[in-house]
Amino acid sequence: MPNQLSTQTLSNQTSSPFLTLAVSPAKVIRGAGVLASVAAEIAQLGTKPLIVAGNRTLNISQESLQPLFQAQQLQSLAASYGADCCEVSLKALRKAAKEHKADVIIGVGGGKALDTAKLVAHQLQLPVVTIPTSAATCAAWTALSNVYSETGAFLYDVALSRCPDLLILDYDLIQTAPQRTLVAGIGDAIAKWYEASVSSGHLQQTLIIAAVQQARILRDILLQKSAAALQSPGSEVWQEVVDATVLLAGVIGGLGGAQCRTVAAHAVHNGLTHIAGHTSIHGEKVAYGILVQLRLEEMVLGNQLATTARQQLLKFYAEIGLPKNLADLGLGNITLSELQTSAEITLAPNSDIHRLPFKVALEQLMAAMVSTTAPIDNREVNNRVSTRAMSEEVTE
Ligand SMILES: [Zn+2]
């Protein structure tokens, strides 16, 4: 059962003397129009693929993939992942895979389609190919699937035995996605720094240091190149930003492993899914969650570096169109009780918010959630020592 491999298990793994890492896909093929020439690569993994796609991407897979597969004598069957990466869809897809006698699973779509495909493959012990159609997350890379309810509420995540066997990143395909998905991908990817530096910035293991430093590099690439990338889709700088959100963000999770996971930004996202459902996408909620996390560091610790970082991000978000507050997420009219429900879920006992180096009370979290755009309040700022070794932050 997927529940047995939830986040809880992941945290327990950190106390094991053995390190198990799923660093990267076995192979990554990347380029504009690359999809047209990968059928032979896929044929090496299996001859009866089950294609798991979203409703929008089901057409793409039928129109572009099926003819290529037929030329390679692959007998493919395409199926939608349905409402979400949820238990009902997973069960139906396992059944479809068995009936089709599938020997490889191919995920085509956004994060939810890819998470579903990876988890079905993991459960059936089959190889999996990921073909992202947007740059909204690093799901094409990682050995992790998030499971939601049918209405989009986050339930748990599952650590998979390995990263995908093949990742195909076709820029032409990514360019067909709405611009909003790349903006969200930037939000999800930049969170790596704000979360990894808190959860792992103090650790001395070689691979963790490497992962945290790569998260800093990823942040810098995104701060420097995102605005230019969004202005010229398909350009070289746009491709670099797509690489950052789909590939480099995945490297950090792979190299950092279970110790370098999410903190408050994703925990806030998880809580929000219970009141927001499908009204905003993953990276948008996560981007807002970073601001909440920084606000907590300001309010609880008086952390001046967090204040500076939040102001820097607010400027960046305004420039590229990421949500700065609940209203930007379409949640400007939620009730106090909805806000509280979301905050309570964010503070659940197994939530990653508890990786923050301080305790967070319900009232503090709710206050942070409604004050992400607050101007700098000098009364809150004092010279207490930062929890995060990020002195370069203030000089930027
Ligand atoms: Zn994420």
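I began with Ile105 in this predicted model and looked up its cross-strand position: Ile105 stands opposite Val128 of β5. I then examined the strands around this position and recorded that β4 (residues 104–109) and β5 (residues 128–132) run parallel, joined by 5 bridges.

I next traced the sheet as a whole. I noted an open sheet of 6 strands in the order β1-β8-β5-β4-β2-β3, paired in parallel fashion. I asked which strands stand at the edges. I found β1 (28–31) and β3 (77–80) there; each has a single partner strand, so one side of each lacks a neighbour in the sheet. I also recorded the turn between neighbouring strands of this sheet, which is 15° on average, with direction ignored.

I then turned to the helices that pack on the sheet. I found that α3 (residues 55–71) touches β2 (49–53), β3 and β4, and that its direction makes about 150° with that of β2. For α5, I listed contacts with β2, β4 and β5, and an angle of about 170° between its direction and that of β4.

Finally, I looked up how α5 (residues 111–124) meets α4 (residues 87–100). I recorded that their axes come within 10 Å and cross at roughly 60°. I therefore classed α4 and α5 as oblique to each other, and I entered their crossing as right-handed. On the α4 side of the contact I listed Ser89, Leu90, Leu93, Arg94 and Ala97, which meet Thr116, Leu119, Val120, Gln123 and Leu124 of α5. Sorted by class, I counted 6 nonpolar, 3 polar and 1 charged residues in this contact.

Technical notes: Residues numbered from 1 in each chain as written. Predicted model: local features only at pLDDT ≥ 70, side-chain atom pairs only at ≥ 80, totals over all residues. Axes fitted to C-alpha atoms, helices over the stretch in contact; angles between N-to-C directions. Helix = DSSP H or I, 4+ residues; strand = E, 2+ residues; numbered from the N terminus. Parallel < 35°, antiparallel > 145°, perpendicular 65-115°, else oblique. Left-handed = near helix turned anticlockwise from the far one by under 90°. Contact = placed C-beta atoms within 7 Å. Nonpolar A, V, L, I, M, F, W, Y, C, P; charged D, E, K, R; others polar. Pairing = 2+ DSSP bridges.
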